[in-house]
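Q: I have a structure open here and would like to talk through how it is put together. Could you start with the vocabulary?

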Amino acid sequence: MVPSPSYFPTNLQERAAWYDNFAAAIQALGAALGLTVAELAQITADNAMMQFMAAIDVEVNDYAASVRSFRKVMTEGDVGDPTPLFPADVTPTVPAAVPTGIFERLDGFVKRIRVAPGYTPVIGAKLGITRRQDYIADQAADGTQQPTITATPQPGNVVNVKFVRGSSDGVFIETQLDNETAWTTAGRYPKSPAVINIAQNSDKLPRNVQIRARYLDGNDPVGDWSQIEVVQSIP
């Protein structure tokens, strides 16, 4: 089994980084959340294996690339070219063995931690186990969820708006042009940068563009508006 992607990354390198943070943070918090000394030691051992598997994956891939390069030079190189050296073998140092089922154990720990009497959203954030939908709801409820945006004008009356999506589904953007007093919806953008096309005025002159954004939960804007970015469009 694989833990829920609502908090657990989907590729090996990111999973190893996530687990390293979890394993370090849980050592100080685990006892208050009902984990035993033996369970905390198991998490440490599981983390050592996770770090090993992530590191050896990089080494093996690099080794395979070096072997392919050796083969290509040997077969396709010109007569008289230097003879390449075959890449040195990968010699990993395997950590202490752990029982099969690192992910299943993790899933069990996370479920227990979330229902522990001492569990709080702050602890969840430290451990990296706050579900995405809970994070959005909690942040929106206390008004602290506010995206940071950077707007950059491009030729052709285009403005690129960069943002960090984090655990949200993207951002909802509104604009004001020139002397407008009302905000106009520019769109919902799941990925950064958001590309906004600014309508050309009749004189084909640069336009004053104000831009603001909120995070998205699904298709719904949540949390506070960002700070307003002001740029001049480039015709």
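A: A crossing is called left-handed if the near helix is turned anticlockwise from the far one by less than a right angle, and right-handed if clockwise. Helices (H or I, at least four residues) and strands (E, at least two) are DSSP runs, numbered from the N terminus. This is a predicted model, in which local features need pLDDT of at least 70, side-chain atom pairs count only at pLDDT 80 or more, and totals for chains, interfaces and linings use all residues. Residues are numbered from 1 along each chain as its sequence is written, and side-chain values use heavy atoms, with hydrogens and water left out.

Q: OK, and which way does H1 cross H2, left-handed or right-handed?
A: The crossing of H1 over H2 is left-handed. Helix H1 covers residues 12-29 and helix H2 residues 37-76, and they pack at an angle of about 155° with their axes 9 Å apart; axes are lines fitted to C-alpha atoms, for helices over the stretch in contact, and angles run from 0 to 180 degrees between N-to-C directions.

Q: What does that make H1 and H2 to each other?
A: H1 and H2 are therefore roughly antiparallel, given that angles under 35 degrees count as roughly parallel, over 145 as roughly antiparallel, 65 to 115 as roughly perpendicular and the rest as oblique.

Q: Which residues meet there?
A: Among those in contact (heavy atoms within 4.5 Å) are Tyr 19, Phe 22 and Ile 26 in H1, and Leu 40, Ile 43 and Met 50 in H2. The residues of this contact divide into 12 nonpolar, five polar and four charged, where Ala, Val, Leu, Ile, Met, Phe, Trp, Tyr, Cys and Pro count as nonpolar, Asp, Glu, Lys and Arg as charged, and the others, Gly among them, as polar.

Q: And how does H1 pack with H3?
A: H1 and helix H3 (residues 102-115) pack at about 50°, with their axes 13 Å apart, and are therefore oblique to each other. Arg 15, Trp 18, Tyr 19, Phe 22 and Ile 26 in H1 meet Ile 102, Phe 103, Leu 106 and Ile 113 in H3.

Q: Switching to the sheet, what is its strand order?
A: Three strands form an open sheet in the order S1-S2-S5, with antiparallel pairing; two strands pair if DSSP finds at least two bridges between them. The edge strands, S1 (149-154) and S5 (194-197), each pair on one side only.

Q: Where is pLDDT under 50?
A: pLDDT, the predictor's confidence in each residue from 0 to 100, stays under 50 over residues 135-144, while the mean for the protein is 90.
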